[in-house]
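Visitor: Before we go into any detail, could you put the model on the screen and take me through it step by step?

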Amino acid sequence: MTRRSFLVSTAALAAAAGPLSAVAGAAAKTPKVLVIGLDGALLNRIKDADAPALKALMSAGLTAPSAIYANPLAPTSSGPGWSTLITGVWPDKHKVLNNDFTGHQLAKYPDFMTRVEAAKPKLRTYAVSSWAPITDIIFSAKVDARVSTPSAEYDAGTTSRAVAEVKSGNPDAVFVQLDNIDHAGHDSGAASKAYLDAIHGADTQVGQIVDAVKSRATYGSEDWLIMITADHGHTDPGGHGGSSWPERQTFMIATGSTVAAGSVRHDVRMPDIAASALAHLGVAIDPAWGLDGRPIQQPTPDDFDALRAKLTGPVDEGGIGSGVIGFTHTPPSGWSVDNSKMGTGGITEWRGWSFTTDEFWTKTERDQQRELNIRARNVFAVADGDEWSDKTFSGTFDSTLISPAYDVTGGRPATLTYTTYYRQEAPQKGEVLVSYDGGAPVTVKTYTADTPSVVENVRLDVPAGARKAQVRFRYTGGNNWYWVIDGVKITAS
């Protein structure tokens with residue numbers, strides 16, 4: 001066989017973390033993790049398919065649609081996709097940039113089971129896959145059992161082996177990869193009946209594995225976190241690797257004691273699979289590991305995420321699609337935007353700082369590297385001079401995003417933290433300014449060169465006697481590129 005090379009509301013997120021009573025009850029049980037990867041599966045086609053097992057898991061737990069990167073960071077292919085899910089870091093760290101694994105950094109950023117073995121070597125880890133590179137390369141030899149299913153057995157063999165391990169063994173962490181949905185996508189396309197049939201077949205196999213979990217004699221004393229995910233999506237005609245929205249699709253379906261039934265979240269990203277598994281197994285995540293993932297058990301919404309329910313559809317952007325909701329100029333409570341120096345005209349959606357989503361923003365124009373905004377989550381702020389200038393305008397792009405006033409302690413250093421992504425073209429400039437107690441803003445960071453998606457930590461030397469600090473993000477330019485800001489906070493150092 002050939003093989004190709006959140007926010008509903010603050011209350012909803014709190015519910016996703018689980019009530020304290022549920023957490024306390026689960027603490028007495030033995031935590032265990034099952035991750036099932038459905039290669040090339042699209043969440044919207046799972047909803048269309050005859051997939052009772054997967055739909056039952058969605059009803060019983062969390063559904064979190066998400067999206068991945070595209071070139072030039074990495075193609076939407078299996079090597080980068082599975083590596084991101086399994087290690088908890090994006091391709092700019094693990095360096096799996098193709099299906100050849102050339103130059104990877106998996107020793108520096110190992111799979112989550114290897115981290116489990118280092119922290120809790122008595123736990124049993126088991127990985128089985130139909131696509132051999134997952135268990136031959138991504139999972140390290142430190143995992144207790146790595147099984148690459150013989151190609152003649154394919155997904156049937158992978159499923160039977162997983163069922164046997166869950167029933168007869170005593171695993172604490174299980175990873176299973178099923179391949180046939182991707183195979184059907186390549187052969188027939190995601191819009192085909194064959195693709196839906198493949199989802200139905202995989203759903204049956206997922207059901208068998210989940211039933212094996214529930215049939216365990218010790219199931220009543222165990223606390224299973226089950227997560228279903230995918231490495232990438234597919235186009236309707238078939239294939240992936242490019243930058244289209246269907247190819248960039250992934251998702252998490254999760255059930256467990258800390259997951260609210262029927263919940264939906266938009267803040268979940270691909271690396272969260274690994275981080276959530278580690279957290280559930282009681283493995284403390286060391287900041288020195290540099291993980292990009294966040295445990296779903298510990299949601300951390302920011303101010304911008306509260307805007308999701310207020311987002312509206314496109315106005316001037318004709319290529320996004322009328323059904324896509326995703327922008328507003330109205331800032332969240334406590335924030336403001338100063339457009340007193342902003343030019344006039346231009347594309348309505350991007351006139352000054354806007355608040356938007358990955359889907360809405362990346363659909364404005366593909367292959368201009370907006371797909372590389374990997375570390376922003378849910379709703380984020382964008383100043384996009386390039387898109388603004390696509391309609392008749394006058395003046396320049398000059399807009400300032402202003403934060404609420406944060407508490408600080410005079411004479412003690414603090415840290416300004418924010419996620420950013422900045423693409424430069426002169427004379428464009430991004431400036432971060434901080435003012436104390438209503439005083440004159442002082443520049444603490446300037447952007448005049450490309451900056452990949454990163455989390456910035458800027459030291460603030462708080463003046464003696466100061467009690468409040470306010471941050472300004474000023475973007476100036478014209479027909480240039482863009483600047484993303486998300487997750488802004490100030491904390492004591």
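**A guided reading of the model**

Visitor: What separates the mean positions of the positive and negative charges of the chain, in Å?

Guide: This is a predicted model, and the count for the chain gives 45 positive and 53 negative charges. When each set is reduced to its mean position, the distance between the two is 6 Å.

Visitor: What average pLDDT does the chain have, and which residues fall below 50?

Guide: The chain averages a pLDDT of 94, and 95% of the residues score at least 70. There is a stretch with a pLDDT below 50, which nevertheless has 56 contacts in the model beyond near neighbours in sequence. The average is thus given as 94, and the stretch below 50 covers residues 1-26.

Visitor: How many helices and strands are there in the chain, and what is its radius of gyration?

Guide: The chain holds 14 helices and 21 strands. For 493 residues the globule rule gives 23 Å, and the value for the chain is close to it, so the chain is as compact as a globular protein of that length. Along the principal axes, the C-alpha trace spans about 70 × 50 × 40 Å. The radius of gyration asked for is 23 Å.

Visitor: What percentage of the residues of the chain count as buried?

Guide: The chain exposes about 18500 Å², of which carbon and sulfur atoms supply 52%. A residue counts as buried when its relative accessible area is under 20%. Of the 493 residues, the share that counts as buried is 57%.

Visitor: Is Thr 255 buried or exposed?

Guide: Thr 255 belongs to strand 7, which runs over residues 249-255. Leaving aside residues up to four places away in sequence, Thr 255 touches Leu 57, Ala 60, Gly 61, Trp 224, Leu 225 and Ile 226. Because its relative accessibility is 10%, Thr 255 counts as buried.

Visitor: Which strands and helices do the buried residues of helix 12 pack against?

Guide: Helix 12, residues 272-280, is mostly covered, with eight of its nine residues buried. Among these buried residues are Asp 272, Ile 273, Leu 278 and His 280. The elements that the buried residues of helix 12 pack against are strand 1, helix 5, helix 7, strand 6 and strand 7.

Visitor: Which residue with a positive phi follows helix 12?

Guide: The phi of this residue is near 75°. The residue that follows helix 12 is Gly 282.

Visitor: Where do the cis peptide bonds before Pro 72 and Pro 427 lie?

Guide: Most peptide bonds are trans. The bond from Asn 71 to Pro 72, however, is cis, with omega near 10°, and a cis bond with omega of about 10° also joins Ala 426 and Pro 427. Pro 72 is found in the loop between strand 2 and helix 5, while Pro 427 lies in the loop between strand 16 and strand 17.

Visitor: Is Lys 95 buried or partly exposed, and what is its relative accessible area?

Guide: Most residues other than glycine have a negative phi. Lys 95, although not a glycine, has a positive phi of about 60°, and this residue lies in the loop between helix 6 and helix 7. Lys 95 is partly exposed, and its relative accessible area is 36%.

Visitor: What relative accessibility does Asp 437 have?

Guide: Asp 437 is not a glycine, yet its phi is positive, about 50°. Asp 437 sits in the loop between strand 17 and strand 18. Asp 437 counts as partly exposed, with a relative accessibility of 46%.

Definitions and conventions:
Residues numbered from 1 in each chain as written. Predicted model: local features only at pLDDT ≥ 70, side-chain atom pairs only at ≥ 80, totals over all residues. Heavy atoms only, no water. Helix = DSSP H or I, 4+ residues; strand = E, 2+ residues; numbered from the N terminus. Rg over C-alpha atoms; globule rule 2.2 N^0.38 Å. Buried < 20%, exposed > 50% of the residue type's maximum accessible area, 1.4 Å probe, protein only. Areas by Shrake-Rupley, 256 points an atom, 1.4 Å probe, with all protein chains shown as cover. Lys, Arg positive; Asp, Glu negative; His and termini not counted. Charge placed at Lys NZ, Arg CZ, Asp CG, Glu CD. pLDDT = per-residue confidence, 0-100. Contact = heavy atoms within 4.5 Å.
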